[in-house]
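Grab your viewer and work through a few short exercises. Try each task before you read its solution.

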Amino acid sequence: MHAAARILIVEDEFAVAMELEDRLENLGYDVVGHELRGREAIQRAEETEPDLVLMDIRLDGRMDGIDAAQQIRTKLHVPVVFVTAYSDDETLERAKETAPFGYVIKPFEERELYASIEVALSTHALERRVARYRDDLRQILDGLNEGTAMTQSDGKLTFVSRSASHMLGKPPSALTDRDWTSALPFPDDTLAVLKRRMSNDSQTVVPVTIEHDDDTQVRLEVSVRRDPRDDSRHIFTFADVTDVHEMRRMLDEKTEFNDIVGKSEPMQQVFQEIRSVASVDATVLIHGETGTGKELVSRAIHDASSRHDGPFIPVNCAAMSKDLAASQLFGHRKGAFTGAVDDHEGYFEAADGGTLFLDEIGDVPLEVQRQLLRVLEERKITRLGETTSRPVDVRIIAATHRDLLEEVDAGNFRQDLLYRIRIARVELPPLRARRSDIPLLVRTFLRRGRATMGKDVERLSDDAMRHLLDYEWPGNVRELRNAVESALIRASGPTLEKEDLPPEIKHDGRISSTRSEPESEAERVRAALEQTNGNRTEAAQLLGISRATLYRRLDEYGIE
Ligand SMILES: Nc1ncnc2c1ncn2[C@@H]1O[C@H](COP(=O)(O)OP(=O)(O)OP(=O)(O)O)[C@@H](O)[C@H]1O
């Protein structure tokens, strides 16, 4: 029994109030007073802060018990039990709006009154406990480094923790009571990814960079999950990873140059060469097998050069028809030949002030090679059908997968042009000569593929990675990127399995024939260590060799 509960009586008939007071005291309650009118009742409640108010509905004065109860409830957290002779529907409806804790109809038994008071006191105690938990929870969420925001079922944000509001750069009042898609200051593609995460119940984090009003950039990782208490509502969590992101970016800078990924020795050398040729304006010849990134390198040189604000025009010479090559490169005048219906600007003029990338230069017809040489020497072009020349300020970067010296010997390429274009050279290694870049490239393509395809694939199984490391890669990085993308399409879980790989890679048929070559083997060992973060036991497992053999090979190849 709630012996010490303090009760305020509000009753307009003095005799009834006295009787009620007696009864309550008999039941062991402490009566803090009784009032006849609403106004005084409110005042007395404020002064005495009782545990419960017993309220008659009909009172002396202008204010009735329901109005008084209403005001007491908004000012104090005190439960009110109505004690009244009135139980008509209208009175009942009005009384309900004050969320009373009980309604006892006169005349009543003492036991009835006692039960109502006890139920009201315990319900109220329970409500207070729930409210305290809610406050505690909010305080805990507010104090966490991780930010939290909650939605109700229609998508409106109902709560945004202090740290979340700080990370998002907006006060909670600018975020709550609005649909999350318009409240969260994220770009459309991030909102779309979050929506997908919501519908397929995936909690993978979504990275996003936002800009605050003071122009500072903040990098966040956002995840969203269903509220376990009600699965039509959602809970967002935000982590501020700006510092980590910046550190990662600084580390990545070493492994990425203008989208060109590579950590291996040969690629580090390529990055160095790009930097040095970008600083001069000389013609460059890039040599490398198909798919090794010749165009990427050419763009990187342009971007790092003083011409970076000018145009970059890539031209695939292998795709130009023999007859039209000269007009495509140098332009023509209307009527210069049948079909020349208009004046036409060629690629050289289009690239004026910038860079012209002549891919597959080995495929340019001999006659056009002669004209090219002249343009490179004189820095002027003459459109077909015109007699006067125009000056052009263009840097040429040429690329080929052919051995141009052999082409010169075979009479397919002009020697003087070769000397002219290879003033600076960049040699791109085939992927099989830098297998240690494979894990990094795979991670990069997985990350990019995840973002564009919306698949939550995090990693590759060891078996799948072993096949990628063993494969010959005739199509080089392009083939690797295609393999990862097609595997992503097939993947059904968070891990890419061997079965998801294209057939030529997952079947052992074309596995490296150069396995026994020391260079290639050393690269495989480096790749395995890269994949396992230097863990030698796991690297040996990945390579399918014993730890002892791995140690012997590390020694043999001088790998630290
Ligand atoms: N080092 C690399 N890092 C990241 N992506 C690369 C790298 N090398 C090549 N790629 C990717 O492989 C594909 C082929 O690259 P690119 O077109 O530059 O090669 P290429 O040598 O010019 O090919 P081709 O000989 O067929 O013209 C592109 O999608 C490119 O993004």
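Below are three exercises, after a quick note on the model.

This is a predicted model, where local features need pLDDT of at least 70, side-chain atom pairs count only at pLDDT 80 or more, and totals for chains, interfaces and linings use all residues. Residues are numbered from 1 along each chain as its sequence is written.

**Exercise 1. Trace how β3 is paired and where its side chains point.**

Step 1: get the elements straight. Helices (H or I, at least four residues) and strands (E, at least two) are DSSP runs, numbered from the N terminus. Two strands pair if DSSP finds at least two bridges between them.

Step 2: look for the partners. Strand β1 (residues 6–10) pairs with β3 in the parallel sense over four bridges, and L52 in β3 is the bridge partner of I7. β3 also pairs with strand β4 (residues 80–84), again in the parallel sense, over three bridges; here M55 stands opposite F82.

Step 3: check the side chains. In a regular strand they alternate between the two faces of the sheet. In β3 (residues 52–55), L52 and L54 point one way, V53 and M55 the other, and all are buried (20 or more other C-beta atoms within 10 Å of the residue's own, with C-beta atoms placed from the backbone).

Step 4: follow the chain. β3, helix α3 (residues 65–75) and β4 make a right-handed β-α-β unit. Right-handed means that, with the strands pointing away from you, the path from the first strand over the helix to the second runs clockwise.

**Exercise 2. Find the edges of the sheet that contains β18.**

Step 1: write down the order. The open sheet has five strands, β14-β15-β18-β13-β19, with parallel pairing.

Step 2: read off the ends. β14 (312–316) and β19 (424–427) each have a single partner strand, so one side of each is left without a neighbour in the sheet.

Step 3: zoom in on one pair. Strand β15 (residues 355–359) and strand β18 (residues 395–400) are joined by four bridges, and T355 has R395 as its bridge partner.

**Exercise 3. Describe the shell around the ligand.**

Step 1: pick the residues. Near means a C-beta atom, placed from the backbone, within 6 Å. There are 17 residues around the ligand, and V261, G293, K294, E295 and V477 come nearest.

Step 2: assign them to elements. β12 (260–261), α12 (294–304) and α20 (476–490) each supply at least two shell residues.

Step 3: sort by chemistry. The shell has four nonpolar, seven polar and six charged residues; Asp, Glu, Lys and Arg count as charged, Ala, Val, Leu, Ile, Met, Phe, Trp, Tyr, Cys and Pro as nonpolar, and the others, Gly among them, as polar.

Note on methods. A residue is buried if 20 or more other C-beta atoms lie within 10 Å of its own, exposed if 12 or fewer, and partly exposed in between; C-beta atoms are placed from the backbone.
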